[in-house]
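Welcome, and take a moment to turn the model around before reading on. We will start with one small detail and then work outward to the whole chain and back in again.

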Amino acid sequence: MTQYPSERFARGVANLAALGDDGETIFSSLAEVAPDLSRYVAEFAFGDLYSRPGLDLKQRQLLTIASLNALGDCQPQLAFHMNLALNAGASAEEIVETILHCLAFVGFPRTYNSMRIAKQVLGERGLLPVKAADPVAPATAGSPRPA
């Protein structure tokens, strides 16, 4: 049995596994310089935040994509979380709409840059082309717009 530094870390690893990732990217990328940073990400982000009630993993990933889009200059993290979102059941259209929805709030440069990452990730997963949305029907609360 694998021994983890804490229950929070174990929850984080379990949440990463539920998203189809073994955490290797997070844990190995900084192992030689700041191994504690990987532990913090596993414990806090994936162990604490991803374990809270109220949102499922897919919703959390779409929110993460929107947040990283807003921050800008987060291309590696954006690609990582787009893959996790797809693993959690998000569609290519949902990822694209999440990024497009941010346009009015974060601007064209960040939205454009994030969409380029989406194109890369979706292309690697064989999910291109993405169907264009029909902007005619208004959205209703609690349900996605009709396709």
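Which residues does glycine 123 touch, not counting residues up to four places away in sequence? They are Ala118 and Leu128. Keep in mind as you look that this is a predicted model. Glycine 123 has its place in helix H8, and it counts as partly exposed because its relative accessibility is 37%, a value between the 20% and 50% cut-offs. From glycine 123 to alanine 79 there are 44 residues in sequence, and the two C-alpha atoms are 12 Å apart in space.

One of the two residues touched by glycine 123, Leu128, also takes part in a peptide bond worth finding. The bond from leucine 128 to proline 129 is cis, with omega near 0°. Proline 129 itself lies in the segment after H8.

Now step back to the whole protein chain. It holds 8 helices and 0 strands, so reading from the N terminus on, the order of elements is α-α-α-α-α-α-α-α. Its C-alpha atoms fill a box of roughly 55 × 30 × 30 Å along the principal axes. The protein chain has 147 residues, and 31% of them count as buried. Among contacts with a separation of 6 or more, 59% are between residues 24 or more positions apart.

The outside of the protein chain can be described too. About 9100 Å² is exposed, and carbon and sulfur atoms supply 60% of that area. As for charge, there are 12 positive and 15 negative side chains, and the centres of these two sets lie 7 Å apart.

Let us go inside next. In soluble globular proteins, nonpolar side chains tend to be buried together. Here, the largest nonpolar core has 18 residues, and Ile65, Met82 and Ile95 are those with the most contacts inside it. Helix H4 (57–71), H5, helix H6 (92–101) and helix H8 (108–124) each supply at least two residues of this core. H5 gives the most, with 5 residues. A second, separate core has 7 residues, including Leu19, Ile26, Tyr50 and Leu84.

Methionine 82 is a good place to explore the packing. Leaving out residues up to four places away in sequence, methionine 82 touches Ile65, Ile95, Ile99, Ser114, Ile117, Ala118 and Val121. Ala118 may look familiar, as glycine 123 touches Ala118 too.

Is alanine 85 buried or exposed? Alanine 85 is buried, because its relative accessible area is 0%, and buried means under 20%. This residue is found in helix H5. Setting aside neighbours within four places in sequence, alanine 85 is in contact with Gln61, Ile65, Ala90 and Ile95. Ile65 and Ile95 were both named above for their contacts inside the largest nonpolar core. Alanine 85 and glycine 20 are 65 residues apart in sequence, yet their C-alpha atoms are 9.6 Å apart in space.

Alanine 70, in helix H4, gives another view. With a relative accessible area of 32%, alanine 70 is partly exposed, and it touches Val106 and Arg110, not counting residues up to four places away in sequence. Alanine 70 and alanine 10 are 60 residues apart in sequence, and from C-alpha to C-alpha they are 30 Å apart in space.

Follow the chain past H4 and you come to aspartate 73, in the loop between H4 and H5. Aspartate 73 has a positive phi of about 55° although it is not a glycine. Its relative accessibility is 70%, so aspartate 73 counts as exposed, the cut-off being over 50%.

Finally, visit helix H3. How far apart are the end C-alpha atoms of H3? They are 19 Å apart, which agrees with the 20 Å that the 14 residues of H3 (residues 35–48) should span at 1.5 Å a residue. Within H3, the residues Ser38, Ala42, Glu43, Phe46 and Gly47 are buried. The buried residues of H3 pack against helix H1 (7–18), helix H2 (24–29) and helix H5 (75–87). That brings us back to H5, which also gives the most residues to the largest nonpolar core.

Notes. Residues numbered from 1 in each chain as written. Predicted model: local features only at pLDDT ≥ 70, side-chain atom pairs only at ≥ 80, totals over all residues. Heavy atoms only, no water. Helix = DSSP H or I, 4+ residues; strand = E, 2+ residues; numbered from the N terminus. Expected span 1.5 Å × (residues − 1). Buried < 20%, exposed > 50% of the residue type's maximum accessible area, 1.4 Å probe, protein only. Contact = heavy atoms within 4.5 Å. Core = buried A, V, L, I, M, F, W, Y, C linked by side-chain atoms within 4.5 Å. Areas by Shrake-Rupley, 256 points an atom, 1.4 Å probe, with all protein chains shown as cover. Lys, Arg positive; Asp, Glu negative; His and termini not counted. Charge placed at Lys NZ, Arg CZ, Asp CG, Glu CD.
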